[in-house]
Amino acid sequence: MQVTGVRAPFISSRRVVFTCFGSWMKLELSMVVQGCRLGVLTGLGRAGQHSLEVPGCLLYTRCGTVPHLTQDTLHTLNNLPSVTQLTLNTLAEHQEVLEEFKQGVRKFAGLHDTVLYCSLHDPATSCPPGHITNKTVSVWGSGGRIELTVAKFMALQKAVQPDLYQSMADGETWQINTSRKRVRKSVDRTLAHLDECLLLHHKTQELSGVEVLGVVEGGDVLEERVRSARETAKRPVGGFCLDGLHTAAMETDLRTKLITAVIKELPEDKPRLLQGVGRPDEVLACVEAGVDLFESFFPFQVTERGCALTFPFNITTDPEAAGTGVQVPPTVVELDKSEAAIGQKNGTDNPQEDQTKMTPFEINLKDKRYREDFSPLVEGCGCYCCRNHQRAYLHHLLVTNELLAGVLLMLHNTAHYYAFFTALRGALASDKLDHLKKRVLEGPGKGMSGEGAGERDG
């Protein structure tokens, strides 16, 4: 078996290993079932010392910091992703400072040992449309719009010193009724930007050993999606970002159809990162379509709404109840129909509005029903919040606008979300994906055993 652009893969009884020339990064696939890819992305980082399980997600940050959490607080959680996501819109206005500092964001922000991935935009923040040209894209920092040419974009990457970064791209095709001509122009611009980025990348000594991820655009036009994927795959990139398919842009069925078509054009040996999708139901659908990696902005959005993730994902028997005939009681309160139905949505022309809507995977702790609810957010969750506090206390913190509410909710929501991905990989390995989908999609009102909850005790 021979793959263009990579060494011939080593094949064992269960594992296929692909290695890209000039890079430490390898994708080791242990199983591919009905499009779902289970494995490990190894050799990450300049020295190749890190790895990331797939399907998996990145650690979402702003300026290198997880919102609401200090580095020490964050690292009370177990099983954090080894790859941290930075976004240029939060870093571009600090370019001169980073260039003067000369040691990159990792040391500037005091980050723990982690792999840095730099994306163009913050997935939790919408950007005003209408500021893209043939030669520039715009990002929005706290001081307003910052226009980036390819030269400035690459100078920023040199200052940030990431281990992987997304190429510059024109992704402004998510609005409803975007014309086919505009979509085609977006693909052409993105390919041109990629070629320029690759040219400068190979001339920049400071970016030696850094991976570039090519961006697949195309809006909702199938032909342009396929063309973008096919042409991007011809370039010497380390992986692929699938852009413009985010939750606010289109319905799940259309997204799945487009991803399935795109995946057919991409090589097996390189990871596929989907931008802007975080809801558990959508993650499951996209994993089945062949996506490997996701951004983890969803827990932050849930936290900002004053909500807690409580959806079930346990598919194993509680070891303490196994063989005893004891039925594990539900641990998530039953939601009324109005709350459980929140978040049923279609594509919208206002992504910011979409991000403020509740989903069926969370509970709103501002609701008065939790004022005297003395149970933890999720029974059996081992995160600091669930081990030490009750829903009533979180309700009190939220209604009195205490900053501690965001800290505790972010701890729990982050732990719960990453545990979901752990359960997803376990379900794939044990051929129980259908069981997991049923658990997740039946909604938070059905309960879950403690073993599938967030950070596990012990």
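Contact here means heavy atoms within 4.5 Å. This is a predicted model. Among its contacts between residues at least 6 apart in sequence, 69% join residues at least 24 apart.

**Overall make-up**

The protein has 458 residues, and 57% of them count as buried. It holds 16 helices and 18 strands. About 19,400 Å² is exposed, with carbon and sulfur atoms supplying 50% of that area.

**The sheet**

An open sheet is built from 9 strands. Their order is β6-β16-β15-β14-β13-β12-β9-β8-β7, and the pairing is parallel. Strands β6 (56-57) and β7 (59-60) are the edges, and each pairs on one side only. On the β6 side, 2 bridges link β6 to β16 (residues 293-294), and the two run parallel. Cys-57 has Phe-294 in β16 as its bridge partner.

Two helices pack on this sheet, as the table shows.

| Helix | Residues | Strands touched | Angle between directions |
|---|---|---|---|
| α5 | 150-160 | β8 (83-87), β9 (115-119), β12 (164-166) | about 155° with β12 |
| α6 | 180-203 | β12, β13 (211-216) | about 175° with β13 |

Strand β12 is touched by α5 and also by α6.

**Cysteines**

How many disulfides does the structure hold? There are 0. A disulfide is a covalent bond between the sulfur atoms of two cysteines. Are Cys-36 and Cys-307 buried or exposed? Buried means under 20% relative accessible area. Cys-36 is at 3%, so it is buried. Cys-307 is at 1%, so Cys-307 is buried too.

Key
Residues numbered from 1 in each chain as written. Predicted model: local features only at pLDDT ≥ 70, side-chain atom pairs only at ≥ 80, totals over all residues. Heavy atoms only, no water. Pairing = 2+ DSSP bridges. Helix = DSSP H or I, 4+ residues; strand = E, 2+ residues; numbered from the N terminus. Axes fitted to C-alpha atoms, helices over the stretch in contact; angles between N-to-C directions. Disulfide = S-S within 2.5 Å. Buried < 20%, exposed > 50% of the residue type's maximum accessible area, 1.4 Å probe, protein only. Areas by Shrake-Rupley, 256 points an atom, 1.4 Å probe, with all protein chains shown as cover.
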